[in-house]
Each structure stands twice: as structure tokens, then as C-alpha cells.
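This report goes through the side-chain packing, charge pairs and ring contacts of one chain. Please keep the structure open while reading, since the text moves from one element to the next.

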Amino acid sequence: MTTIDAALARHLLREMLRIRRFEEKTIELYQQEKIRGFLHVYIGEEAVAVGVMQALTRDDSILATYREHGHALARGIPMRSVMAEMLGKAEGCSRGRGGSMHIFDAHHRFYGGSAIVGSGLPLAVGLALADSLKQRNAITVVFFGDGAVAEGEFHEAMNLAALWHLPVLFCCENNFYGMGTALHRAQSVTDLPTKARSYGIQAASADGMDVLAVREAAATAVREVRAAARPYFLDLQTYRFRGHSMFDPELYRSRAEVEDWKRRDPIPRFAERMVSTGVLAATDYAEIDSAAMEEVEEAVAFAEAGSLERVEDLSRFVYSETDDEQ
């Protein structure tokens, strides 16, 4: 097992708990119709975003999917800003215009979630190309699901990234379901790293339910991308405990399967491991969890006290020439 100190253990546990409690609260707010539209929560997959973010610098760029609240929080975007965005308030990181599926924050080089499956892949290639042409010592990380691997954009992005030697880290959040379709029912080759290697891209798999395994795999991948200025593919095998979205009746998988994966919940699994090895005290979990819940409640209060954008301002930022404000 990778040796870590108490400070890092507390940080990893705190980040995963912040995401879990945030997502649980968004479900409650959605049921109260305070969050509108679609909602895709990250519950069960927290170790992926938290583990990968540990390997990145503030100069690196990140793209995510429509299930991106966890990535945004792990990247360091203030929770109150993300929550305000979820509630469509002008104080949100996208001025309330993006909502749940389009979290964006240029200051943190977080270039958004997207409602279109696989759409972040070609954008990642473009960002990495820009960094390469400008000779910036930065990489681009793009998160996507196993369903996106069946899209044409995946193969186009793989090919161009390999052909042009671009510094892209492709992080596949492989939760074994593309919406309601199991991976083995949709793709003839379910060993996803094999597809990346067919383009001459180095690839590896890791246990996405283990934050330390993800952190180690990401650190190795990032070192390779930075050193060689070439792409790398990570297959992070994880599982979402909730349905695809809030409208998902989950008729495509059994309760027994879900409960079996819940026994591998990355948060208690990590906490128990740290306590058993003496890295954390038995009381640390409750303390960190309480702080996370307090932060969530503060973020909700901030968002609910926020303002809706004025009707007369709705045409601003539609075209760059209509307003000089940044």
C-alpha cells in the first residue's frame, strides 16, 4: 500500500466527503424543484475525480461530462459558486446560465461539462494543441464515460492526439453502463485500454473505487504525458450508486449488483483503511464529515440568497461583440 501521511489522508477524505454531501443535497433540492432541468450525480465515483486532481497543477486544463459537479469541487471551484450555478443564480460560476450540466470556470482552467456525450474529447485535443504551439508546460485532462468510447469523437481524438504528439490525459470513468446499456451489450471489445493502444497510446487500468490507486495511476500517467508530450489513456473502473439521472428507473441492473458495489464504497473503504493503519484517528471521519455538511449548508444559503439574472441582460455574452465585459 502507498504510504501517506495524516494531512494527505484527511485531505483526500475531506474532498470525497464534500462531493458526496454536495450531491446528496442536490438530490434534495431537485426534488424541491429548486434545481431544474436534468441532474446527474457523482455518488459512488468520488475517488476518480479526487485521485486524478492530486496529480495536476493549476496550469493544467480540465474538461468533464454532464456528471461534473464532483470534478468542479475537486478542482477547487468554491462550493458556493457551484451551488449557485446549480440553482441558476447570477452568482454562479457561469452566471447561472450553465446549470448542472455546464459548470465552467476559466480561472480554474475548468472548461466545462457538456450535455453531449464525448464532446469534450475533441475540445481536449484543441486545448492541448494550443498549449503545444505556445510551448506551455501544461497538459489537458478530459473525463468521459465508457459510453463515449463508442462515439466517433473518441477515435478521432485518439488518432489526432497520437499523430500530433499532444499532451492529453484521457480519463475514462468506466462505470460499465452507458445510460442504461451495459458495456458488454454495446461494445464488442470491453477491454478499453486495448482501443487506446491501437492508436499507439500508452494505457493502463486502475481501481476507480480506491482513491489511492487512482492517485498513483494518475501520477504515473501525468509524468509520462509531461515528459514525452504524448497522450495517455486511463481506464478508471468505478460505479455510480444512483441512476443515470434523476429520471432513471434503473430497470437495467439488479439491486443485488448495486448493493455489491456499495460494499466497495470509496469513502468508508478509504477511511477504514486509514484508521486501521493508524494514519487517521477513529474520530476524524465524523469531524471531517460534519465540516463537509456545514459547508454544504452554507453553500445552499448563499445560493438561495443569490439573484436571478435580469431579463434585460439575457442577451449579454451571446456574441462576443455585444459586451466587452469579461
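Helix α2 is mostly covered in this predicted model, with 8 of its 8 residues buried. The buried residues of α2 are Glu-46, Ala-47, Val-48, Ala-49, Val-50, Gly-51, Val-52 and Met-53. Glu-46, which counts as buried because its relative accessibility is 0%, carries a charged partner: its side chain meets that of Arg-20 in a salt bridge, at 2.5 Å from N to O. This pair links distant parts of the chain, as Arg-20 belongs to helix α1 and Glu-46 to helix α2 (residues 46-53), 26 residues apart. Arg-20 also counts as buried, at 8% relative accessibility.

**Charge pairs**

The count of salt bridges comes to 25, and three of those that can be described by residue are set out in the table below.

| Pair | N to O distance | Relative accessibility |
|---|---|---|
| Arg-20 and Glu-46 | 2.5 Å | Arg-20 8%, Glu-46 0% |
| Glu-297 and Lys-25 | 3.3 Å | Glu-297 43%, Lys-25 13% |
| Arg-263 and Asp-260 | 3.3 Å | Arg-263 64%, Asp-260 42% |

Helix α1 takes part in another of these bridges, between Glu-297 and Lys-25, whose closest N and O atoms are 3.3 Å apart. Glu-297 lies in helix α12 (residues 284-304) and Lys-25 in helix α1, so the bridge ties together parts of the chain that are 272 residues apart in sequence. The two partners differ in their surroundings, for Lys-25 is buried with a relative accessible area of 13%, whereas Glu-297 counts as partly exposed at 43%. In the bridge between Arg-263 and Asp-260, Arg-263 is exposed, with a relative accessible area of 64%, while Asp-260 counts as partly exposed at 42%. Beyond individual pairs, Arg-14, Glu-15, Arg-18 and Glu-295 are joined into one network by salt bridges that share partners.

**Nonpolar cores**

In soluble globular proteins, nonpolar side chains tend to be buried together. Here the largest nonpolar core holds 74 residues, and within it Leu-234 and Phe-270 touch the most other members. Helix α1 (residues 6-31) supplies the largest share of this core, with 10 residues. Once its neighbours within four places in sequence are set aside, Leu-234 is in contact with Leu-169, Phe-170, Cys-171, Cys-172, Ala-204, Ala-217, Ala-218 and Ala-221. Another core, of 24 residues, lies apart from it and includes Leu-121, Val-125, Val-149 and Phe-233.

Two of the residues just named also bear on Gln-202, which lies in strand β6 (residues 202-207) and is partly exposed, with a relative accessible area of 42%. Gln-202 and Ala-221 are 19 residues apart in sequence, and their C-alpha atoms are 8.8 Å apart in space. Leaving aside neighbours within four places in sequence, Gln-202 is in contact with Glu-224, Pro-231, Tyr-232 and Phe-233.

**Cysteines**

How many disulfides does the count come to? The count comes to 0 disulfides. For Cys-171, the closest cysteine sulfur is that of Cys-172, and at 9.1 Å the separation is too far for a bond, because a disulfide needs the two sulfur atoms within 2.5 Å. Cys-171 counts as buried at 0% relative accessibility, and Cys-93 is buried as well, with a relative accessible area of 19%, a value that falls within the buried class because that class covers everything under 20%.

**Aromatic rings**

A search of the whole structure finds 11 aromatic pairs. In one pair, the rings of Phe-144 and Phe-154 have centres 6.0 Å apart and planes at 55°, so the arrangement is tilted. Phe-144 sits in strand β2 (residues 140-145) and Phe-154 in helix α6 (residues 152-163), so that this pair links distant parts of the chain, 10 residues apart. Phe-144 counts as buried at 3% relative accessibility, and Phe-154 likewise at 0%.

Elsewhere, ring pairs link Phe-176, Tyr-177, Tyr-239, Tyr-252 and Trp-261 into a cluster. Tyr-177 of that cluster has a charged neighbour too, since the charged end of Arg-253 sits over its ring, 6.0 Å from the centre. The charged end of Arg-80 sits over the ring of Phe-302, 4.1 Å from the ring centre.

Methods:
Residues are numbered from 1 along each chain as its sequence is written. This is a predicted model: local features need pLDDT of at least 70, side-chain atom pairs count only at pLDDT 80 or more; totals for chains, interfaces and linings use all residues. Side-chain values use heavy atoms; hydrogens and water are left out. Rings of Phe, Tyr and Trp (its six-membered ring) pair if their centres lie within 6.5 Å; planes under 30 degrees apart count as stacked, over 60 as edge-to-face and the rest as tilted. Helices (H or I, at least four residues) and strands (E, at least two) are DSSP runs, numbered from the N terminus. Buried means under 20% relative accessible area, exposed over 50%, partly exposed in between (1.4 Å probe, protein chains only). A charge sits over a ring if NZ of Lys or CZ of Arg is within 6 Å of the ring centre and within 35 degrees of the ring normal. A nonpolar core is a set of buried Ala, Val, Leu, Ile, Met, Phe, Trp, Tyr and Cys residues joined through side-chain atoms within 4.5 Å. Contact means heavy atoms within 4.5 Å. A salt bridge is a side-chain nitrogen of Lys or Arg within 4 Å of a carboxyl oxygen of Asp or Glu.
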